[in-house]
Amino acid sequence: MSELVADRAVVLKTFEYGETSLIVSVLTRAHGKVRLLAKGARRPRAPIGGALRTGCLCETVFYYRADRGLQQLKECEGGAVYEGVEGDLERLCILQAGIEIVDRGGVGHDVDTSDFHVQVIDLLNNRVEGEIG
């Protein structure tokens, strides 16, 4: 049976699926790297479409089942854009490189709160809040 999970996540990658859906690879605190199916996210008036851009930090709610490789996204809010990197090409490149490293890294579903990915989420969160110069 699926459990409903609410967690903060960083969007690592998105892939088009069908005509209106997306498959989204995210990094969460509680479950590590998770692939989510966002039904209808590509529709013009979709409420969650803008929050699912690569590098965005958002609050997600999804149905989680450990025996599945693809989970179903229920809600996604926030989609904070990293204001510190918008006008700075060098910072944007560093952010994208960091996201790519995390995406290709060996982060899986078995998570320990002291893992590297928790520090990455904290670093990206601090960048959103403008705490990093």
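How many of the seven residues of strand β3 (residues 32-38) are buried? In this predicted model, the count is five, so strand β3 is largely enclosed by the rest of the structure. The surroundings of β3 are described below, after the overall arrangement of the chain.

The protein chain contains three helices and five strands. Read from the N terminus, the order of elements is β-β-β-β-β-α-α-α. Of the 133 residues in the protein chain, 38% are buried. Among contacts in the protein chain with a separation of 6 or more, 55% are made by residues 24 or more positions apart. The exposed area of the protein chain is about 7700 Å², of which carbon and sulfur atoms contribute 49%.

The five strands form a closed barrel in the order β1-β2-β3-β5-β4, and the pairing is mixed. On average, neighbouring strands of this sheet are turned by 50° against each other, direction ignored. Helix α2 (residues 89-104) lies across β1, β2 and β3 and runs at about 105° to β1.

Within the barrel, β3 pairs with β2 and with β5. Pairing between strand β2 (residues 21-28) and β3 is antiparallel and extends over seven bridges. Ser25 is placed opposite Arg35 of β3. The connection from β2 to β3 is a hairpin of three residues. His31 is located in the loop between these two strands, β2 and β3. With a relative accessible area of 13%, His31 falls under the 20% limit and therefore counts as buried. The C-alpha atom of His31 is separated by 8.8 Å from that of Asp7, and the two residues are 24 residues apart along the chain. Toward strand β5 (residues 71-80), β3 runs parallel and is joined by two bridges. Leu36 has Gln71 of β5 as its bridge partner.

Strand β1 (residues 3-17) and strand β4 (residues 57-64) are antiparallel and are joined by eight bridges. One of the residues involved is Asp7, whose bridge partner in β4 is Thr60. Thr60 belongs to strand β4 and is buried, at a relative accessible area of 2%. Leaving aside residues up to four places away in sequence, Thr60 touches Val5, Ala6, Asp7, Ala9, Leu73, Glu75 and Cys76. Val5, Ala6, Asp7 and Ala9 fall within the range of strand β1 (residues 3-17), whereas Leu73, Glu75 and Cys76 fall within that of strand β5 (residues 71-80).

Lys13 is another residue of strand β1. The relative accessible area of Lys13 is 27%, and this residue is therefore classed as partly exposed. Lys13 and Val26 are 13 residues apart along the chain, with a separation of 7.1 Å between their C-alpha atoms. With residues up to four places away in sequence not counted, the contacts of Lys13 are Ile23, Val24, Ser25, Thr54, Glu100 and Asp103. Ile23, Val24 and Ser25 lie within the range of strand β2 (residues 21-28), and Glu100 and Asp103 within that of helix α2 (residues 89-104).

No disulfides are present; the structure holds zero. Cys58 is in no disulfide, and the nearest cysteine sulfur, that of Cys76, is 3.4 Å away. A disulfide requires sulfur atoms within 2.5 Å, so the pair does not qualify. Cys58 is buried, at 2% relative accessible area. Cys93, in contrast, is partly exposed, at 45% relative accessibility.

One aromatic pair is found in the structure. The pair consists of Phe62 and Tyr64, with 6.4 Å centre to centre and 75° between the planes. An angle over 60 degrees counts as edge-to-face, and the pair is therefore assigned to that class. Both rings belong to buried residues: Phe62 has a relative accessibility of 0%, and Tyr64 has a relative accessible area of 9%.

How values were computed:
Residues are numbered from 1 along each chain as its sequence is written. This is a predicted model: local features need pLDDT of at least 70, side-chain atom pairs count only at pLDDT 80 or more; totals for chains, interfaces and linings use all residues. Side-chain values use heavy atoms; hydrogens and water are left out. Buried means under 20% relative accessible area, exposed over 50%, partly exposed in between (1.4 Å probe, protein chains only). Helices (H or I, at least four residues) and strands (E, at least two) are DSSP runs, numbered from the N terminus. Two strands pair if DSSP finds at least two bridges between them. Rings of Phe, Tyr and Trp (its six-membered ring) pair if their centres lie within 6.5 Å; planes under 30 degrees apart count as stacked, over 60 as edge-to-face and the rest as tilted. Contact means heavy atoms within 4.5 Å. Accessible areas come from the Shrake-Rupley method with a 1.4 Å probe; for residues, only the protein chains shown count as cover. Axes are lines fitted to C-alpha atoms, for helices over the stretch in contact, and angles run from 0 to 180 degrees between N-to-C directions.
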